[in-house]
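Me: I am new to this structure and would like a close look at a single part of it, with the surroundings of that part brought in where they help. Please go slowly and say what each step rests on.

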Amino acid sequence: MKKLYERSELAFSIVWIVVYCVLQSLANPLGKIIGIEYSASALFCILQTIVLLVFILKNRLQNRYGLCKSPVPTWRFLFYVPLVVLASGNLWNGVALNYSPAETVCRVVCMLCVGFLEEVIFRGLLFVAIAKDNVRSAIVISSITFGIGHVINLFNGSGMNLISNLCQIVFAIAVGFLLVTIFYRGGSLFPCIIVHSAINTLGTFANDTSLTTEMQLLHLAILIVITVAYTLILTRTLPKNPLAKGD
């Protein structure tokens, strides 16, 4: 793994994206065979998280991929209040227990790991690899790739329909631009990991069975407006302090 990384950071990031997508495609069918939803997903995500984290720590790449404290004060990010609003979005219609206790635990563990994995892979590995040559391209590619990657939910047995998946992709792209802005301007991936994990995890307890399609679209539109507005504010108020090249 280290040899691939040393040969090409971009190739390394792409391999991680492919492996992650393949394993998640296999996870839901395996979970159904096991009899506990998200059990295989949780296992795969835990293993990938451990492998990736150990690799980063062993090679002292924490600063390069944002696993460090941001030098920019929190007030410059409006104390991350808009992120709290985004994270709470799944609970705006109330709380519900949608899964059995075992499935709930597996889903929560899976979603926490997904927040770490997707941020490090897309905002860390992929973005940093491309940003060495062109920052703007890195921002666009990492954000759009992250969003389009959610199309996997149509084919992994999750049961998500086309309309819901398209909405998820649009929202994910918007969030992708926001989080890469936070990482690039702030130098830390921790806020991105935390809010991403929170959005995913709180979705486990979302009470959305009574929501009509129109209400779901309105809900999504509000979240996207908040996301875009916050991104624009940060791009205009944060210091232009690009991530330092190197470790």
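Reply: Before turning to any part, one term is needed: a residue counts as buried when its relative accessible area is under 20%, as exposed when that area is over 50%, and as partly exposed in between. The model is a predicted one, and the part I have chosen from it is helix H2, which covers residues 9–34.

Helix H2 has 26 residues and spans 36 Å from its first C-alpha to its last, which is close to the 38 Å expected at 1.5 Å a residue. The helix nevertheless bends by about 30 degrees at Ala27, with a proline, Pro29, following within four residues. After H2 comes Gly35, a residue whose phi is positive, near 100 degrees.

The buried residues of H2 include Glu9, Phe12, Trp16, Tyr20 and Ala27, the last of these being a residue already met at the bend. An α-helix has 3.6 residues a turn, so residues three or four places apart point the same way. The partners against which the buried residues of H2 pack are helix H1 (2–7), helix H3 (39–58) and helix H5 (101–131).

Glu9, where H2 begins, deserves a longer look. With a relative accessible area of 8%, Glu9 is buried because that value is under 20%. By the rule applied here there are three salt bridges in the model. In one of them the side chains of Arg64 and Glu9 meet at 2.9 Å, N to O. Arg64 belongs to the loop between H3 and helix H4 (81–88) while Glu9 belongs to helix H2, so this pair ties together parts that are 55 residues apart in sequence. Arg64 and Glu9 are both buried. In another, the side chains of Lys132 and Glu9 meet at 3.0 Å, again N to O. This pair, too, links distant parts of the chain, since Lys132 is in the loop between H5 and helix H6 (135–148), 123 residues apart from Glu9 in helix H2. Unlike the buried Glu9, Lys132 is partly exposed, because its relative accessible area of 40% falls between the two limits.

The remaining bridge can be read beside these: it is a contact of the side chains of Arg123 and Glu119 at 2.6 Å, N to O. Arg123 and Glu119 both sit in helix H5, four residues apart, or about one turn of the helix, and both are buried. Salt bridges that share partners, on the other hand, join Glu9, Arg64 and Lys132 into one network.

A second kind of link around H2 involves rings. Nine aromatic pairs are counted in the model. Among them is the pair of Tyr5 and Phe55, an edge-to-face arrangement with 5.4 Å centre to centre and 70 degrees between the planes. Tyr5 in helix H1 and Phe55 in helix H3 are 50 residues apart, so the pair links distant parts of the chain, and both residues are buried. Ring pairs link Tyr5 and Phe55 with Phe12 and Trp16 into a cluster, and Phe12 and Trp16 are among the buried residues of H2. Thus H2 takes part in a salt-bridge network through Glu9 and in a ring cluster through Phe12 and Trp16.

Notes
Residues are numbered from 1 along each chain as its sequence is written. This is a predicted model: local features need pLDDT of at least 70, side-chain atom pairs count only at pLDDT 80 or more; totals for chains, interfaces and linings use all residues. Side-chain values use heavy atoms; hydrogens and water are left out. Helices (H or I, at least four residues) and strands (E, at least two) are DSSP runs, numbered from the N terminus. The expected span of a helix is 1.5 Å times one less than its number of residues. The bend at a residue is the angle between axes fitted to the seven residues ending there and the seven starting there. Buried means under 20% relative accessible area, exposed over 50%, partly exposed in between (1.4 Å probe, protein chains only). Contact means heavy atoms within 4.5 Å. A salt bridge is a side-chain nitrogen of Lys or Arg within 4 Å of a carboxyl oxygen of Asp or Glu. Rings of Phe, Tyr and Trp (its six-membered ring) pair if their centres lie within 6.5 Å; planes under 30 degrees apart count as stacked, over 60 as edge-to-face and the rest as tilted.
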